[in-house]
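Thank you all for making time this morning. I would like to walk you through one model, and I will go slowly, so please have it open on your screens as I talk.

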Amino acid sequence: MIKSATLDVTQIEPRLKHPTIFDHFDRLDQGEGFVILNDHDPKPLYYQLLGERGNIFTWEYLEDGPEWWRVRIFKPGTVSTGAPTVGEVAAKDIKKAEVLKKLGIDFCCGGKKTLREAAQSIGMAEQQLVEALENAPCASSASAQHNFNDWDLGFLADYIVNVHHRYIREQGPIIEQLADKVSARHGAEHTELFDLAEGVHDFMGGLYQHIEQEEKNLFPVIKSLAVGVRPQTEELQAIIRYMKSEHEHAGEELREFRLLTKDYELPENACNSYTYLYTKIQEFESDLFQHIHLENNVLFPKVTAL
C-alpha cells in the first residue's frame, strides 16, 4: 500500500464503494494511510469502520465540502500505553491543567498526547515539562471548587448541558452577528474577515448540531447508565468515538481561525466591534476547550470504566 494514496470514491460503483474502501484499509500496515475523495460527507463510513474494525484508525478531514470531501484514514503504529497522556494529567489535577494551558498545550482535542509528545510540540524538553507540572502553583479558590472527577455521570452530563451547551446557544449567535457586521465594515481593507465570517457560520452551525445530538442521543443513555441501566455497549462506544472526532474537527477549525487572524492581532484602525469580535471568539474558544476537556478526559472515561 502506498502511504497517503488517494482513492477517488466517486469513480466506484455505489454497491462496491464501501467494500473497496474496507479492502484498502485492511491492506494498510501500521504507520500507513490513504485519502478518500468523495462528493459528499462520508461520515456513515466512519461509523461503519468503527463498528466493524474498532478504534484502530484516525480520521482526518483534509477538505470539508461543500463540493468535495477529502478524508485521510490512517492506521497508527503501536503506541506505548504506560505513559500518562496530557488529558489524563489535566483531568486529575486542575492545577496542572492550568500549567498546560499557560504553556499552550492542548489537553482537550490533543489530550491523547504523552507528556513527551506534548513537550516536543512546544519545543520543550520532557523533563522541563514534568518539573513545571510538579511545581504547579496552588489553584485559585474559583478553579479549585469543582472536582469533576468526583461527580457522578448524570450530574456531570447535566452540568455540561446547563453550563457549556447553554453558553454555545447564547454566545454563538452574538459572535455570528458580530462577524457579519465587522466583515461588512472592514472587509474591503481586511479581506480575511470575509473568510472568518463564513468560517464562523459553518463552525457554529456544526456545533449547534453537535450539542443537539449529544442531548438527544448520548447524554440520556449516559444518565441511564448512571442508574444501572445497561445500554448497547458497542453502539454507545461508537457514538462516543464519533463525538470525539467532531471535537477534534472543532479544535482544528479554531486553530484555522487563529492562523487567519494572526492570533487575533488587531489592526490599528480596529473599531470597538472589531475588538469585541476578537475578544468574544477567544472567550468562546476557552469555554469550548474546557467543555471538550470535560467530555473527552472526564465524562467519556467514566462511561468506559463502567
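In this predicted model, the largest nonpolar core has 26 residues, and those that touch the most other members are Leu196, Val200, Phe203, Leu277, Phe284 and Leu288. If you trace where these core residues come from, you will find that α8 (153-186), α9, α10 and α11 each supply at least two of them, and that α9 gives the most, with 8 residues. As background for those of you who are new to this, nonpolar side chains tend to be buried together in soluble globular proteins.

Let me stay with α11 for a moment, since its length can be checked with simple arithmetic. With 34 residues at 1.5 Å a residue, α11 should span 50 Å, and because its end C-alpha atoms are 48 Å apart, the expected and modelled values agree. Please also look at Glu295, where a kink of about 30° in α11 is centred.

Now, which helix supplies the largest share of the lining of the second largest pocket? That is α9, with 12 residues of the lining, although α2 (43-53), β3 (58-64), α10 (233-260) and α11 (272-305) also supply at least two residues each. This pocket has a volume of about 1000 Å³, and among the 38 residues that line it, Asp64, Asp202, Phe203, His249 and Glu253 lie nearest its centre. Notice that Phe203 is named here as one of the residues nearest the pocket centre, and that Phe203 was also among the core residues with the most contacts to other members. By type, the lining divides into 15 nonpolar, 11 polar and 12 charged residues.

I will finish with the backbone, where a few places deserve a careful look. Most residues other than glycine have a negative phi, and most peptide bonds are trans. Against that background, turn to the bond between Gly65 and Pro66, which is a cis peptide bond with omega of about 5°; Pro66 itself lies in the loop between β3 and β4 (69-75).

In the loop between α10 and α11 you will find Asp263 and also Tyr264. Phi is near 60° for Asp263, and for Tyr264 phi is likewise near 60°, a positive value in a residue other than glycine. Is Tyr264 buried or exposed? Its relative accessible area is 6%, and because buried means under 20%, Tyr264 counts as buried.

Note on methods: Residues numbered from 1 in each chain as written. Predicted model: local features only at pLDDT ≥ 70, side-chain atom pairs only at ≥ 80, totals over all residues. Heavy atoms only, no water. 1 Å grid on protein atoms, 1.4 Å probe; cavity = no way out; pocket = protein on both sides within 12 Å on 5 of 7 lines; lining within 4 Å. Points joined across faces, edges and corners; volume = space filled by probe spheres on them. Helix = DSSP H or I, 4+ residues; strand = E, 2+ residues; numbered from the N terminus. Nonpolar A, V, L, I, M, F, W, Y, C, P; charged D, E, K, R; others polar. Expected span 1.5 Å × (residues − 1). Bend = angle between axes of the 7 residues up to and from the residue. Core = buried A, V, L, I, M, F, W, Y, C linked by side-chain atoms within 4.5 Å. Buried < 20%, exposed > 50% of the residue type's maximum accessible area, 1.4 Å probe, protein only.
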